[in-house]
Amino acid sequence: MNPTANAPALDCLYRKNALDVLRAMPDQSVDLFFTDPPYSSGGLHSATRAQAPGQKYIRGDIKMAYPEFAHDNKDQRSWTFWCMSWLGEAYRVAKDGAHLVCFIDWRQLPSLTDAIQGAGFIWRSIAVWDKAAGGARPRLGGFSQQAEFMVWATKGSVPTGHKVHLPGVFSERLPRPKRHMTEKPMGLARQVVSLVPPGSVVCDPFAGSGTFLVAAKEAGHRWIGCELEASYHEAANERLATTVALAA
Ligand SMILES: C[S@@+](CC[C@H](N)C(=O)[O-])C[C@H]1O[C@@H](n2cnc3c(N)ncnc32)[C@H](O)[C@@H]1O
């Protein structure tokens, strides 16, 4: 399928299911997918994973209340199957040489790398978001969960024309209060969007509070994203409206 009539416009955040928007996008039209899907994680067993994100992802000692988000309660097989669905569309929509950078936690890392490769992308490596000292609780008898991960993949060869060198570890604490329950850091996002030259098209199908799209707009890229939850969609649109394109 190569939908071009009625293709979703760029520089727009859709309050729609990501799969529907991706299906309507034309072939070979995105340079960078930079995203942070619902992990359906946060527990060792399926009953715990079916809990609301606020119960799974927010520490009991933190009193801040965040709006909930849905679609985070799949079991392992159905989550992997769902990832294959959106990643398959993302692969079609990606240009040759496009990058995919996808956030994930330790539990879902193996399933995500399977789905990314199953969809056709070439898995290149993993970068680490180190939440830095104080960013995670110490864990009695074991390792603190102080990191999340970015899986990096490309559609075909890694483009070498754009000279960029990124670190493999990003140490950054999130300022509080957060805008989204599972927000990611802005400094990290700014570095990741530099993977592609200004004027590229960056897509975040699971935009949350819009961190990655704000970084993309700032860097002078075209951008497109989706966010289903009304409160986060509104918050992201407010951030995007006040973001100035630095390199345009
Ligand atoms: C992990 S959060 C993204 C947080 C974001 N990186 C930030 O910094 O704010 C994932 C988001 O995807 C949204 N979401 C879940 N399923 C979706 C779907 N099928 N289509 C579009 N958005 C979806 C959720 O509402 C949630 O806000």
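## Contacts around Leu 19

Two residues are in contact if their C-beta atoms, placed from the backbone, lie within 7 Å. By that test, Leu 19 touches Ser 85, Trp 86 and Glu 89, not counting residues up to four places away in sequence. The model is a predicted one.

Leu 19 sits in helix 1 (residues 18–24). Its C-alpha lies 7.6 Å from that of Ser 85, although 66 residues separate the two in sequence. Leu 19 has 16 C-beta neighbours inside 10 Å, so it counts as partly exposed.

## Overall make-up

The chain holds eight helices and eight strands. It has 248 residues, and 38% of them are buried. Among contacts with a separation of 6 or more, 72% are between residues 24 or more positions apart.

## The sheet

The eight strands build an open sheet with mixed pairing, in the order 1-8-7-2-3-5-4-6. Strand 1 (12–14) and strand 6 (169–171) are the edges; each has a single partner strand, so one side of each lacks a neighbour in the sheet. From one strand to the next, the twist averages 15 degrees.

Start at the strand 1 edge. Strand 1 pairs with strand 8 in the parallel sense, over three bridges. Tyr 14 stands opposite Cys 226 there, in strand 8. Strand 8 (222–226) has four of its five residues buried. Strand 7 and strand 8 also run parallel, joined by four bridges. Val 201 has Arg 222 as its bridge partner in strand 8.

Move on to strand 2. Strand 2 (residues 30–35) and strand 7 (residues 201–204) pair in the parallel sense over two bridges. Strand 2 and strand 3 are likewise parallel, with five bridges. Leu 32 has a bridge partner in each of these strands: Val 202 in strand 7 and His 99 in strand 3. The pairing of strand 3 with strand 5 (residues 147–154) is antiparallel, over six bridges. One of the pairs there matches Leu 100 with Ala 153 of strand 5.

## The nonpolar core

Which residues of the largest nonpolar core touch the most other members? They are Leu 32, Cys 102, Ile 116, Val 193, Val 202 and Leu 213, in a core of 57 residues. Strand 3 gives the largest share of this core, seven residues. Strand 3 is itself mostly covered, with eight of its 11 residues buried.

Val 202 shows how such a position is surrounded. Beyond its neighbours within four places in sequence, Val 202 contacts Asp 31, Leu 32, Phe 34, Val 193, Val 196, Ala 216, His 221 and Trp 223. Leu 32 is thus both a contact of Val 202 and its bridge partner.

## Helix 7

Is helix 7 enclosed or open? Eight of its eight residues are buried, so the rest of the structure largely encloses helix 7. The buried set is Thr 211, Phe 212, Leu 213, Val 214, Ala 215, Ala 216, Lys 217 and Glu 218. Lys 217 and Glu 218 count as charged, yet both are on the buried list.

Helix 7 (residues 211–218) lies across strand 1, strand 2, strand 7 and strand 8, at about 170 degrees to strand 8. Its buried residues pack against those four strands, and also against helix 6 (186–192) and helix 8 (230–241). Gly 220 follows helix 7, with a positive phi near 90 degrees.

## Helix 4 and helix 5

Two packed helices are described by the angle between their axes and the distance between the axes. For helix 4 and helix 5 (residues 109–118), the angle is about 35 degrees and the axes are 9 Å apart. The crossing is right-handed.

On the helix 4 side, the contact uses Gln 76, Trp 79, Thr 80, Cys 83, Met 84 and Leu 87. Helix 5 supplies Ser 111, Leu 112, Asp 114, Ala 115, Ile 116 and Gly 118. By type, the contact residues are seven nonpolar, four polar and one charged. Ile 116 is also among the core residues that touch the most other members.

Helix 4 (residues 76–93) packs on the sheet as well. It touches strand 2 and strand 3 (94–104), and its direction makes about 145 degrees with that of strand 3.

Methods
Residues are numbered from 1 along each chain as its sequence is written. This is a predicted model: local features need pLDDT of at least 70, side-chain atom pairs count only at pLDDT 80 or more; totals for chains, interfaces and linings use all residues. Two strands pair if DSSP finds at least two bridges between them. Axes are lines fitted to C-alpha atoms, for helices over the stretch in contact, and angles run from 0 to 180 degrees between N-to-C directions. A nonpolar core is a set of buried Ala, Val, Leu, Ile, Met, Phe, Trp, Tyr and Cys residues joined through C-beta atoms within 7 Å. A residue is buried if 20 or more other C-beta atoms lie within 10 Å of its own, exposed if 12 or fewer, and partly exposed in between; C-beta atoms are placed from the backbone. A crossing is left-handed if the near helix is turned anticlockwise from the far one by less than a right angle, and right-handed if clockwise.
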